[in-house]
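I opened this notebook to record what I looked up in the model, one entry per topic. The entries follow the order in which I asked.

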Amino acid sequence: MAELSIGSSAPDFDLPRDGGGRVKLTDFRGKALVLFFYPKDDTSGCTTESIAFTALADEFEQAGAAVIGMSPDSAACHDRFIKKHKLGVTLAADEEKTTLEAYGVWKQKSMYGRTYMGVERTTFLIRPDGTIATIWQKVKVAGHAETVLTAVKNLAP
């Protein structure tokens with residue numbers, strides 16, 4: 001599959017979400033969407049990133065954007081993560097990793113000489129028409145949510 005780029009159509013998804021129910025890309029047509037992919041619930045970087053997006057949730061809403069986090073954790077795991085850290089963003093569960101693969105974020109990684117498959121921390125800003133406006137790859141958590149919010153505010157209508 002070709003790597004996604006700015007201007008590409010964002011791959012569709014329909015996944016279980018925290019709190020029950022499902023979340024679909026088509027639910028956000030006509031509204032900008034921040035889709036942040038992270039490796040695992042309740043780990044240091046992922047918690048910090050989710051808390052940062054939660055802290056700015058009202059500003060994202062005022063700027064006309066929804067925010068969704070996605071990882072391969074289950075919806076039940078997301079529920080515990082949200083409750084423990086009082087998160088205010090939607091979390092999608094991609095246990096089958098189909099959406100992670102479609103967005104090109106399920107990658108071979110290495111740590112301490114060991115290789116394994118995992119999520120490369122990546123964020124996509126999707127325009128209201130469903131095309132990709134910006135991609136942040138290999139995200140460093142510090143200041144990232146603020147950078148994304150600035151991009152949302154500068155998104156051409």
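**Entry 1: helix H5**

Which residues of H5 are buried? Before answering, I note that I am working with a predicted model. I found His144, Ala145, Val148, Leu149, Ala151 and Val152 to be buried in H5. I then looked down the helix, where these residues cover an arc of only 160° around the axis, which puts them on the same side of H5. For background, I reminded myself that an α-helix has 3.6 residues a turn, so residues three or four places apart point the same way.

I next asked what covers the buried residues of H5. The cover includes strand S3 (32-37), H1, helix H2 (57-62) and S4, and it also includes strand S8 (122-126) and strand S9 (132-136).

**Entry 2: His144 and the loop before H5**

I looked up His144 by itself, a residue of helix H5, which spans residues 144-153. Its relative accessibility is 5%, and because the cut-off for buried is under 20%, His144 counts as buried. Setting aside neighbours within four places in sequence, I listed Glu49, Phe53, Thr123, Trp136 and Val139 as the residues in contact with His144.

Is Ala142, in the loop between S9 and H5, buried or exposed? Ala142 has 76% relative accessibility and so counts as exposed. I also took one distance from this residue: Ala142 and Ala66 lie 20 Å apart in space, C-alpha to C-alpha, with their positions 76 residues apart in sequence.

**Entry 3: helix H3**

I turned to helix H3, residues 75-85, and found that its buried residues are Ala75, Cys77, His78, Phe81 and Ile82. Seen down the axis of H3, these buried residues fall within an arc of 150°, so they line one face of the helix. On the other side of H3, I noted Arg80, Lys83 and Lys84 as exposed.

The cover over the buried residues of H3 includes strand S1 (14-16) and helix H1 (44-55), together with strand S4 (65-71) and strand S5 (90-93). I see H1 and S4 named here, and I had already written both down for the cover of H5. Following the chain past H3, I came to Lys86, whose phi is positive, near 55°.

**Entry 4: Thr90 in S5**

Since S5 is part of the cover of H3, I looked up Thr90, which has its place in that strand. Thr90 is buried, with a relative accessible area of 19%; I write the value down with care because the cut-off is under 20%. Apart from neighbours within four places in sequence, Thr90 is in contact with Arg17, Asp18, Val23, Val67, Ile68 and Gly69.

**Entry 5: the whole chain**

I closed with the chain as a whole, which has five helices and nine strands and reads β-β-β-α-α-β-α-β-α-β-β-β-β-α along the sequence. The radius of gyration is 15 Å, close to the 15 Å that the globule rule gives for 157 residues, so the chain is as compact as a globular protein of that length. Its C-alpha atoms fill a box of roughly 45 × 35 × 30 Å along the principal axes.

How many of the residues count as buried? I have 48% of the 157 residues in that class. Of the contacts with a separation of 6 or more, 63% join residues 24 or more positions apart. The accessible surface comes to about 8000 Å², with 50% of it belonging to carbon and sulfur atoms. Lastly, I recorded 19 positive and 20 negative side chains, the centres of the two sets lying 4 Å apart.

Terms used: Residues are numbered from 1 along each chain as its sequence is written. This is a predicted model: local features need pLDDT of at least 70, side-chain atom pairs count only at pLDDT 80 or more; totals for chains, interfaces and linings use all residues. Side-chain values use heavy atoms; hydrogens and water are left out. Buried means under 20% relative accessible area, exposed over 50%, partly exposed in between (1.4 Å probe, protein chains only). Helices (H or I, at least four residues) and strands (E, at least two) are DSSP runs, numbered from the N terminus. The arc is that of the directions from the helix axis to the C-beta atoms. Contact means heavy atoms within 4.5 Å. The radius of gyration is taken over C-alpha atoms; the globule rule is 2.2 Å times the number of residues to the power 0.38. Accessible areas come from the Shrake-Rupley method with a 1.4 Å probe; for residues, only the protein chains shown count as cover. Lys and Arg count as positive and Asp and Glu as negative; His and the chain ends are not counted. The place of a charge is taken as NZ of Lys, CZ of Arg, CG of Asp or CD of Glu.
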